[in-house]
Amino acid sequence: MNKIVEGIKFCRLKQIFAPYSPHVFTDSFPGVSSKDCQEKDEAGKKHCVGNPDQYGNHRSPNIVSLKHHWWWMMNTVWDGLKETRGHDGHILFIEEDHFIYPNAYRNLQLLVSLKPNKSQIAMLQIWHPVM
């Protein structure tokens, strides 16, 4: 993956790495700990660790790690990096599991060119709906 990223020369980029990956922390949060309560376990009876949600379910490490990763990434990319903090231009945000077609940059240019007309197009749709 790093070689692919290093080979990108047509634009500026910054590669970031999530600090708390379940792949690195396999036996503790955010990964699975042997002491974690599962599903609807009662901590006192099962001698496990965990606080259930409002429905009595304990965390699902796979789902929770995705949520934590997503929140960390969004906060880091939009608020935590000096390169993007306060940026009011266009950014193409690509994750490691995204597949980009050859015409992606052209489509992005097209979307950028259409953006100034967005409010006019919306107003036309409101006042003159297509039947």
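Leu66 counts as exposed in this predicted model, because its relative accessibility comes to 57%, and the bar for that label is anything over 50%. The residue sits in helix H3, which runs over residues 61-80. Pro30 is 36 residues away from Leu66 along the chain, yet the C-alpha atoms of the two are separated by 9.4 Å.

Past H3, the chain goes into a loop that leads to helix H4 (104-114), and this is where Asp97 is found. With a relative accessibility of 59%, Asp97 is another residue that counts as exposed. Asp97 also carries a label from a database record: the unreviewed UniProt entry has a "binding site" annotation that covers it.

Then there are the aromatic rings. A pair of them is described by how far apart the centres are and by the angle between the planes. Three such pairs turn up in the structure. One of them joins Tyr20 and Phe25, with 5.7 Å from centre to centre and 35 degrees between the planes, a tilted arrangement. The partners fall into separate accessibility classes: Tyr20 is exposed because its relative accessibility is 59%, whereas Phe25, at 29%, is partly exposed.

Another of the pairs is made by Phe99 and Tyr101. Here the centres are 5.3 Å apart and the planes make an angle of 85 degrees, so the pair goes down as edge-to-face, the term for angles over 60 degrees. Both Phe99 and Tyr101 are exposed.

Definitions and conventions:
Residues are numbered from 1 along each chain as its sequence is written. This is a predicted model: local features need pLDDT of at least 70, side-chain atom pairs count only at pLDDT 80 or more; totals for chains, interfaces and linings use all residues. Side-chain values use heavy atoms; hydrogens and water are left out. Helices (H or I, at least four residues) and strands (E, at least two) are DSSP runs, numbered from the N terminus. Buried means under 20% relative accessible area, exposed over 50%, partly exposed in between (1.4 Å probe, protein chains only). UniProt positions are given in the numbering used here, feature names are shortened, and annotations may be inferred rather than shown by experiment. Rings of Phe, Tyr and Trp (its six-membered ring) pair if their centres lie within 6.5 Å; planes under 30 degrees apart count as stacked, over 60 as edge-to-face and the rest as tilted.
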